[in-house]
Amino acid sequence: MISYQEAYRKVLETTLFVENEEVALSASQGRILAETIVADRDFPPFDRATKDGIAIRFDAHRSTEHAFPIEGTAQAGSPQLVLKDLNSCIEVMTGAIVPKNTDTVVMYEHTSQQDHSFRIDRAVQKGQDIHYQGSDMSKGDVLLTPGLKITAAEIGVLASVGKATVLVKKHPKVAVVSTGNELVEVSETPLPYQIRKSNAYSLKALLENEKIDADVFHLVDDPSSIKKGLSDWISKYDVLLLSGGVSKGKYDFLPSAFDELGVEKIFHKVLQRPGKPFWFGRHNEKKTCIFSFPGNPVSTFVGYHVYFMPWLHKVLSVETPKFTVFLGEPYTNTTDLTLFVGVKVEWREGKPMASPISTTGSGDLTGLAQWDGFIQIEPQGTLAENSLVPFVPIRNIL
Ligand code: AMP
Ligand code: MG
């Protein structure tokens, strides 16, 4: 059996090539940008008034006595006006082009109006309240580089440079497959020896967080239908995420089915808890990557986070964010397994403190709802309170 570190390394070494695709701007949130975005014009694209008020020629402002007759009004969204008499003014609205022959904007609050002219009541600085063309960015400047995850902030930038569609990394095609004769649909009332399917729903929901729309299937514990289903999905998908059927049980048929279908076993079983019977491999020809998690819901859930997520990040060429938290209490691991322990995180004096949540084991599905995430504890050792430990959040705790 291999260590968690070795298993992790082997998973990350197993890459998959993904292409790029063009998506609508409105569908690009959460996707990985695959093109360089440059400014298509100067930002701002013209000298822009930043206050509602009047635009004047600075040299004409000799005293507070000087009255500036109003020549017109420059509205945002209108072509540039021209000041004809240099001793006059043009009213300007925020966002309008500063009129030609003017060089200074004075906000209404610093003026007084009499009939058809304005006087200025305050000291004025030449060029005030103008956001100059190109002062933020010049045409051709690089605004966004490939590899970043698109958020609301980037969507604003993309919109302002006219990207109605954006080139992003294509996501792998994923099938989620649950297995087991004991499983019934959510809408059904289980018989005493049955349980409702939950893994496929959690996995599908987790994938939705990554904007991956997975197809969901189920297999009963029967070798021939397993082989038939798998061979079909191996040819249609880039990734299969399976749950159940990889342990030592008499009806755990997946490992032999993979073997018969030409899936190379990269490893089976890892020194970890939960999730020890994890099976990982890739189809020799189709290159389909197969993550086959043990069926206990917590094992599947943890396996997704510690293997599939970093693998997906690697495939999409983005960094996997690494978090740490402080242990709220000492922790001893007497086993030779890497442990993933569900925790609640509390902020004490600005420090994230993790307290382990006691569970009844890897089948404790309802316990998951109390987790903020889980910590990683290395084999054989004692960690003191306040030790920093790796942490995988499963919800937003900031
Ligand atoms: P297995 O890995 O197939 O031996 O399953 C281990 C345990 O997880 C059994 O108690 C199963 O009933 C349970 N289990 C397997 N698949 C699912 C699933 N999709 N949803 C909920 N529980 C499951
Ligand atoms: Mg099973």
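By how many residues, and by about how much of a helical turn, are Arg 9 and Glu 13 separated in helix H1? In this predicted model, the two lie four residues apart in helix H1, which means that about one helical turn separates them. Their side chains form a salt bridge in which the closest N and O atoms are 2.9 Å apart, and Arg 9, with a relative accessibility of 42%, counts as partly exposed.

Helix H1, which spans residues 4–13, also meets helix H6, residues 297–315, their axes coming within 9 Å and crossing at roughly 35 degrees, in a right-handed sense. On the H1 side the contact is made by Tyr 4, Ala 7, Tyr 8, Val 11 and Leu 12, and on the H6 side by Val 306, Tyr 307, Pro 310, Trp 311 and Lys 314; nine of these residues are nonpolar, none is polar and one is charged.

The protein as a whole is divided into four stretches of assignment, namely domain 1 (2–18 + 171–315), domain 2 (21–41 + 138–169), domain 3 (48–131) and domain 4 (323–393), and the C-alpha centres of domain 3 and domain 4 lie 63 Å apart.

The count of salt bridges comes to 12. One of them joins Glu 260 and Lys 227 at 3.0 Å, N to O, and this pair links distant parts of the chain, with Glu 260 in helix H5 and Lys 227 in helix H4, 33 residues apart. Glu 260 is exposed at 51% relative accessibility, whereas Lys 227 is partly exposed at 31%. Elsewhere, Glu 346 and Arg 348 form a salt bridge with their closest N and O atoms 3.5 Å apart, while Lys 344, Asp 372 and Arg 395 are linked in a network of salt bridges.

Key: Residues numbered from 1 in each chain as written. Chains lettered and ligands numbered in written order. Predicted model: local features only at pLDDT ≥ 70, side-chain atom pairs only at ≥ 80, totals over all residues. Heavy atoms only, no water. Domains from an automatic or database assignment. Axes fitted to C-alpha atoms, helices over the stretch in contact; angles between N-to-C directions. Left-handed = near helix turned anticlockwise from the far one by under 90°. Contact = heavy atoms within 4.5 Å. Nonpolar A, V, L, I, M, F, W, Y, C, P; charged D, E, K, R; others polar. Salt bridge = Lys/Arg side-chain N within 4 Å of Asp/Glu carboxyl O. Buried < 20%, exposed > 50% of the residue type's maximum accessible area, 1.4 Å probe, protein only.
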